[in-house]
Amino acid sequence: MLQTIKKIGVLTSGGDAPGMNAAIRSVVRTCAFHDIKCYGIYRGYEGMIDGDFIEMDARSVKGIINKGGTILKSARSKEFRTKEGRQIAYDQLKKAGIDAFVVIGGDGSFTGAMIFNKEFNFPVMGIPGTIDNDIFGTTHTLGYDTALNTVVEVIDKIRDTASSHNRLFFVEVMGRDVGHIALNVGIAGGAEEILIPEEDLGLDRLVESLRRSKKSGKSSSIVVVAEGDKIGKSVFELKDYVDQNMEGYDVRVSVLGHMQRGGPPSCFDRVFASRMGVKAVESLITGKSNYMVGMKNDLIELTPFDQAVKGKSKINKELLRVSDIMSI
Ligand code: ATP
């Protein structure tokens with residue numbers, strides 16, 4: 001392998017996601033495998049600007065593959081959005097002799113890396129770490145599979161209460177721009193309705209559909225609502241509307257919030273993280289830069305950062321139909 005790169009930095013940036021530690025571990029160990037020094041960069045771009053680096057070897061990442069969060073900590077950095085801030089970051093990397101970095105984060109983190117690469121011709125590679133699965137160029141993002149499993153487990157529990165008390169539950173899940181989580185956990189948890197940003201069902205059709213479910217003999221209903229859903233101003237407004245327009249149900253709301261982002265990564269996410277870390281480091285070693293690593297048809301592949309950032313991740317329309325049929 002062509003080796004012009006001698007020291008690689010790795011950082012986690014933006015919101016944390018399960019599997020980030022497994023990806024750090026993979027980057028560090030792949031560097032060790034190829035005799036490249038590896039530096040952990042603490043607190044995302046904030047730590048890059050502060051020169052908050054630590055040399056890591058294969059043993060520095062023991063016992064973390066099963067841990068949620070990120071041992072390197074994550075942050076959002078306003079200063080990195082400025083040319084001056086990025087210049088300081090570049091000077092810090094140069095001072096430490098770091099030749100390239102791998103950033104594990106979302107599309108904001110990739111935009112930052114892309115600008116940095118353009119300004120300083122600095123080799124960069126991205127690993128998509130976000131539970132929303134809202135990044136173009138990969139069928140999965142790191143943490144998404146774990147989040148699905150976490151949410152399904154919770155919905156199963158909510159269902160126990162809903163059916164014991166004849167209740168209708170609105171369960172709000174993450175997904176500001178895309179409804180991947182809502183759609184999948186909705187089907188897996190047997191939801192009566194799934195409300196996602198991509199579709200505006202309308203309040204009246206929602207009530208009509210809930211009435212139909214009740215009439216067909218259902219003793220409980222669960223409506224999964226993605227946080228970016230456009231029908232109501234909030235999940236609480238939906239509850240009020242249904243409360244006022246439908247009899248026979250005690251209506252409750254459950255906002256799952258940050259618990260969806262934590263916890264040990266699933267088997268899928270651990271393997272996925274390990275594969276992506278190897279690909280990120282080996283791509284840098286072979287002279288590639290400015291790409292996001294991701295998965296397409298179960299293969300680990302690269303997508304140019306500009307495409308990953310500009311493109312829009314789309315929901316699988318087939319799932320909408322499956323959900324309609326299942327909730328009869
Ligand atoms: P999440 O999906 O959790 O929101 P993200 O990576 O999209 O993750 P952001 O807060 O958008 O999270 O971005 C993380 C960091 O990337 C920002 O705090 C900033 O330092 C850097 N960044 C984002 N956009 C830019 C930009 N246009 N120019 C320079 N840096 C940027």
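1. A good place to start is the ligand site: the ligand occupies the space of the largest pocket. Please keep in mind as you read that this is a predicted model.

2. The pocket itself has a volume of about 870 Å³. Its lining is made up of 39 residues, and those closest to the centre are Arg 76, Gly 106, Asp 107, Gly 108 and Ser 109. Two elements, α4 and α10 (305-310), each give two or more residues to this lining. Of these, α4 provides the largest share, with six residues.

3. On the make-up of that lining, the residues divide by class into 11 nonpolar, 15 polar and 13 charged.

4. Next, the shell around the ligand. There are 17 residues around the ligand, and the ones that come nearest are Gly 15, Arg 76, Ser 77, Gly 108 and Ser 109. Helix α4, which spans residues 107-120, gives the most to this shell, again with six residues. By class, the shell holds three nonpolar, 10 polar and four charged residues.

5. The polar contacts deserve a look in your viewer. Ser 109 places a polar side-chain atom 2.5 Å from an oxygen atom of the ligand. For Arg 76, a polar side-chain atom lies 2.7 Å from a ligand oxygen. Gly 106 takes part through its backbone, where a polar atom is 2.9 Å from an oxygen atom of the ligand. As for cover, the ligand taken alone exposes 620 Å², and the protein buries 85% of that.

6. Which residues would I click on to begin with? Arg 76 and Ser 109 are among the residues that come nearest to the ligand, and both are also among those closest to the centre of the largest pocket. Gly 108 is likewise one of the residues named for the ligand and for the pocket centre.

How values were computed. Residues are numbered from 1 along each chain as its sequence is written. This is a predicted model: local features need pLDDT of at least 70, side-chain atom pairs count only at pLDDT 80 or more; totals for chains, interfaces and linings use all residues. Side-chain values use heavy atoms; hydrogens and water are left out. A residue is near a molecule or strand if one of its heavy atoms lies within 4 Å of it. A polar contact is a pair of N or O atoms within 3.5 Å; within protein, one must be able to donate a hydrogen and the other to accept it, and residues adjacent in sequence count only if both atoms are side-chain atoms. Accessible areas come from the Shrake-Rupley method with a 1.4 Å probe; for residues, only the protein chains shown count as cover. On a 1 Å grid over the protein atoms alone, a cavity is a set of points where a 1.4 Å probe fits but cannot get out, and a pocket is an open set with protein on both sides within 12 Å along at least five of seven lines; lining residues have an atom within 4 Å of a point. A molecule sits in a cavity or pocket if more than half of its atoms lie within 2 Å of its grid points. Helices (H or I, at least four residues) and strands (E, at least two) are DSSP runs, numbered from the N terminus. Ala, Val, Leu, Ile, Met, Phe, Trp, Tyr, Cys and Pro count as nonpolar, Asp, Glu, Lys and Arg as charged, and the others, Gly among them, as polar. Grid points are joined across faces, edges and corners, and a volume is the space filled by probe spheres set on the points.
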